[in-house]
Amino acid sequence: QVQLVESGGGLVQAGGSLRLSCAASGRTFSNYYVGWFRQAPGKEREFVAAITWSGDSTYYADSVKGRFTISRDNAKNTVYLQMNSLKPEDTAVYYCAARARQSIPRTPRTPNEYNYWGQGTQVTVSS
């Protein structure tokens, strides 16, 4: 198993930036795809970004493309989500999730395709 812990959330004004971190422990983290999802009150959990186990490919939701950047440092067992030009509609609880690369042939991009989750970190963007 792999355990995930998110950090870096907080309150920021519109137009500001935050960097979220997802720290992993347990199995070899470099063997896992990692995704970021978010869930606002009353809404379903939605895909934000994903990165391959090697870090050579990244994927983004259209709503964050050009503003958010996902990256990973396997030596530190950490995946990051740099969020710039934040908008009030980015307000949500942000979760990171992991899936072993051997168990799926492509980078997963839906919540049901991930089987390890962190506890979430709140991001609030004020207008």
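Here is a short conversation about a few residues and strands in this predicted model.

Student: Let's start with E6. In which strand does E6 lie?

Tutor: Happy to begin there! Look at the stretch of residues 2-7, which forms a strand. E6 belongs to that stretch, so by the numbering of strands from the N terminus the strand you want is β1.

Student: Which side chain of opposite charge is nearest to E6, and how far away is it?

Tutor: E6 is buried, yet it has no salt bridge. A salt bridge needs the two charged groups within 4 Å. The nearest side chain of opposite charge is R45, at 7.4 Å.

Student: Then which backbone nitrogens lie 2.8 Å and 2.9 Å from a polar atom of the side chain of E6?

Tutor: Good follow-up! A polar contact requires a pair of N or O atoms within 3.5 Å. At 2.8 Å from a polar atom of the E6 side chain is the backbone nitrogen of C96. At 2.9 Å is the backbone nitrogen of Q119.

Student: Leaving aside neighbours within four places in sequence, which residues is E6 in contact with?

Tutor: Try grouping them as you look around E6. One group is S21, C22 and W36, and another is Y94, Y95 and C96. To finish the list, add G118, Q119, G120 and T121.

Student: T121 is in strand β11, I think. Which residues make up the covered face of β11?

Tutor: Strand β11 covers residues 121-126 and has two faces. The uncovered face has Q122, T124 and S126. The covered face has T121, V123 and V125.

Student: Do β2 and β11 run parallel or antiparallel, and which residue of β11 stands opposite Q13?

Tutor: Strand β2, residues 10-13, is joined to β11 by 4 bridges, and the two run parallel. Within β11, the residue opposite Q13 is S126.

Student: And in which sense do β9 and β11 pair, and what is the bridge partner of Y94 in β11?

Tutor: There are 3 bridges between β9 and β11, and the sense is antiparallel. For Y94, the bridge partner in β11 is T121.

Student: Now the loops. What is phi of N77, and is N77 buried or partly exposed?

Tutor: N77 sits in the loop between β7 and β8. Its phi is positive although N77 is not glycine, with a value near 55 degrees. Buried would mean under 20% relative accessible area. N77 has 27% relative accessibility, so it counts as partly exposed.

Student: Last one: what is the relative accessible area of S85?

Tutor: You will find S85 in the loop between β8 and β9. Its phi is also positive, near 50 degrees. S85 counts as partly exposed because its relative accessible area is 42%.

Conventions:
Residues numbered from 1 in each chain as written. Predicted model: local features only at pLDDT ≥ 70, side-chain atom pairs only at ≥ 80, totals over all residues. Heavy atoms only, no water. Buried < 20%, exposed > 50% of the residue type's maximum accessible area, 1.4 Å probe, protein only. Lys, Arg positive; Asp, Glu negative; His and termini not counted. Polar contact = N/O pair within 3.5 Å; in protein donor to acceptor, adjacent residues only side chain to side chain. Contact = heavy atoms within 4.5 Å. Pairing = 2+ DSSP bridges.
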